[in-house]
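Here is a small set of exercises to work through with the model open beside you. Try each task on your own before you read its solution.

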There are 2 protein chains.
Amino acid sequence: MYKTCILKILMYICPMYSSELIKGTLKTIVLNLLRDKGRMYGYEITAKVKELTEGKIQITEGALYPTLHSLEKNGELETEKEFIGKRVRKYYSLTSQGQETASQKVNELADFMNTMKFLLDLEPKLGNA
Amino acid sequence: MYKTCILKILMYICPMYSSELIKGTLKTIVLNLLRDKGRMYGYEITAKVKELTEGKIQITEGALYPTLHSLEKNGELETEKEFIGKRVRKYYSLTSQGQETASQKVNELADFMNTMKFLLDLEPKLGNA
DNA sequence: TTTTATACATAAGAAAGTTATGTGTTAATT
DNA sequence: AATTAACACATAACTTTCTTATGTATAAAA
């Protein structure tokens with residue numbers, strides 16, 4: 001199979017961010033999307049993120065599903081199953097706790113990105129006066 | 001000892017970013033600082049980052065030193081030892097390869113942050129037209 | 001009919017941190 | 001004078017969080 005080779009070519013044409021960068025932002029991305037869309041199922045989340053970022057951020061299923069499960073276990077998300085024909089879909093939505101966490105996480109990330117921009121000299125000044 | 005308690009109070013007064021966020025940006029921070037300052041030693045790097053970010057980003061030594069060693073091993077950094085009295089300092093500076101890597105990493109992070117801002121609806125539009 | 005897309009799940013391994021510990025010097029405090 | 005804090009390095013055990021690989025199964029397309 002030429003899968004490996006094809007993937008390399010694709011990566012050259014359509015570069016993705018190195019995975020370290022995505023680490024730590026996954027929960028925030030998921031919570032924010034769910035806040036925006038109301039309810040989504042796992043596969044839909046991966047597709048939406050890929051679409052919105054033009055393929056630059058691709059959430060793998062091995063990363064997404066454990067994250068969803070842990071968020072649910074932690075009381076941030078609740079689920080309902082739906083059958084499309086014989087195929088199961090698991091829809092996730094935010095609990096009220098999840099709403100709060102989503103806001104917190106997004107604010108923290110926004111703040112962090114401002115700090116990073118300042119630290120990396122990407123902005124002339126830290127507009128703080 | 002009241003260390004734990006004091007730390008909690010400090011965290012409340014002066015909040016730090018959750019560690020997941022810092023993960024993946026450490027190399028970029030270090031490379032960019034060294035590009036800016038020419039040469040620095042480890043302890044100085046932690047102090048400078050803390051100062052520039054008003055305590056919001058605090059690089060631990062357990063994270064920094066392994067990172068410096070791996071960057072050196074990888075040919076991005078070179079070192080010279082200096083003695084201040086009887087105390088050793090290890091100064092790090094970028095190799096020419098390190099210069100290139102620094103630029104790449106900073107560009108990638110800047111790009112990533114733009115994408116994230118768009119994804120999290122923090123900007124009205126992705127100015128792309 | 002075989003591949004691709006949809007849709008879930010989990011397990012082994014790697015990466016990159018945290019936390020804890022260790023060594024030793026120098027300055028400040030009590 | 002003695003102890004604590006700051007300086008300055010290093011490493012090792014552990015945790016978290018992802019990647020990669022694998023597994024199951026349905027539906028649509030080639």
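A polar contact is a pair of N or O atoms within 3.5 Å. Please keep in mind that this is a predicted model.

**Exercise 1. The surface near DNA strand C**

Task: Find which residues come nearest to DNA strand C, and work out which of its atoms the polar side-chain atoms of A:Tyr41, A:Arg89 and A:Lys90 approach.

Solution:

Step 1. Start with the neighbours. There are 24 residues around DNA strand C, and A:Tyr41, A:Tyr43, A:Arg89, A:Lys90 and B:Thr60 come nearest. On the DNA side, sugar and phosphate make up 70% of the strand's atoms that come within 4 Å of the protein.

Step 2. Now check individual distances against the 3.5 Å cut-off. For A:Tyr41, a polar side-chain atom is 2.6 Å from a phosphate oxygen of strand C. The side chain of A:Arg89 also places an N or O atom 2.6 Å from a phosphate oxygen, and for the side chain of A:Lys90 the distance to a phosphate oxygen is 2.7 Å.

Step 3. Place the surface on the fold. Helix H4 (42–52), helix H5 (61–73) and strand S3 (87–94) of chain A, along with helix H5 (61–73) of chain B, each supply at least two residues. H5(A) gives the most, with five residues.

Step 4. Sort by class: the surface near DNA strand C has seven nonpolar, nine polar and eight charged residues.

**Exercise 2. The surface near DNA strand D**

Task: Which atom of DNA strand D lies 2.7 Å from the side chain of A:Arg87, a base oxygen or a phosphate oxygen?

Solution:

Step 1. List the closest residues. Among the 24 residues that surround DNA strand D, these are A:Arg87, B:Tyr41, B:Tyr43, B:Arg89 and B:Lys90.

Step 2. Look at A:Arg87. An N or O atom of its side chain is 2.7 Å from a base oxygen of strand D, which settles the task.

Step 3. Set two chain B residues beside it. A polar backbone atom of B:Tyr43 is 2.6 Å from a phosphate oxygen, and the side chain of B:Arg89 has an N or O atom 2.7 Å from a phosphate oxygen. The elements giving two or more residues to this surface are H5 of chain A together with H4, H5 and strand S3 (87–94) of chain B.

Step 4. Take the whole strand. Of its atoms within 4 Å of the protein, 71% belong to sugar or phosphate and the rest to bases. On the protein side, H5(B) provides the largest share, five residues.

**Exercise 3. Salt bridges within a chain**

Task: Which parts of chain A does the pair A:Glu80 and A:Arg39 tie together?

Solution:

Step 1. Confirm the pair. The closest N and O atoms of A:Glu80 and A:Arg39 are 2.8 Å apart, and the two form a salt bridge.

Step 2. Locate both ends. A:Glu80 belongs to strand S2 (residues 77–84) and A:Arg39 to strand S1 (residues 39–41), so the bridge joins parts of chain A that are 41 residues apart in sequence.

Step 3. Check exposure. A:Glu80 is partly exposed at 42% relative accessible area, and A:Arg39 is partly exposed at 30%.

Step 4. Extend the picture. A:Arg39, A:Glu80 and A:Glu82 are linked in a network of salt bridges.

Step 5. Turn to a pair within one helix. A:Lys48 and A:Glu51 form a salt bridge with their closest N and O atoms 3.6 Å apart. These two are three residues apart in helix H4 of chain A, about one helical turn. A:Lys48 is partly exposed at 21%, whereas A:Glu51 is exposed at 53%.

**Exercise 4. Where the two chains meet**

Task: Describe the interface of chain B and chain A by its contacts, its buried area and its salt bridges.

Solution:

Step 1. Count contacts: 37 residues of chain B touch 37 residues of chain A.

Step 2. Take the area. The chains bury about 3,300 Å² between them, 69% of it on carbon and sulfur atoms. In chain B, the residues that lose the most area to chain A are B:Leu21, B:Phe112 and B:Leu119, together 19% of what that side buries.

Step 3. Look for charge pairs. Two salt bridges are found across the interface, including one between B:Lys56 and A:Asp111 at 3.8 Å, N to O.

Step 4. Finish with the elements. On the side of chain B that touches chain A, H6(B) contributes the largest share, 14 residues. The residues of that side divide into 18 nonpolar, nine polar and ten charged.

Note on methods: Residues numbered from 1 in each chain as written. Chains lettered and ligands numbered in written order. Predicted model: local features only at pLDDT ≥ 70, side-chain atom pairs only at ≥ 80, totals over all residues. Heavy atoms only, no water. Near = heavy atom within 4 Å. Polar contact = N/O pair within 3.5 Å; in protein donor to acceptor, adjacent residues only side chain to side chain. Helix = DSSP H or I, 4+ residues; strand = E, 2+ residues; numbered from the N terminus. Nonpolar A, V, L, I, M, F, W, Y, C, P; charged D, E, K, R; others polar. Salt bridge = Lys/Arg side-chain N within 4 Å of Asp/Glu carboxyl O. Buried < 20%, exposed > 50% of the residue type's maximum accessible area, 1.4 Å probe, protein only. Contact = heavy atoms within 4.5 Å. Buried area = accessible area lost by both parts, 1.4 Å probe.
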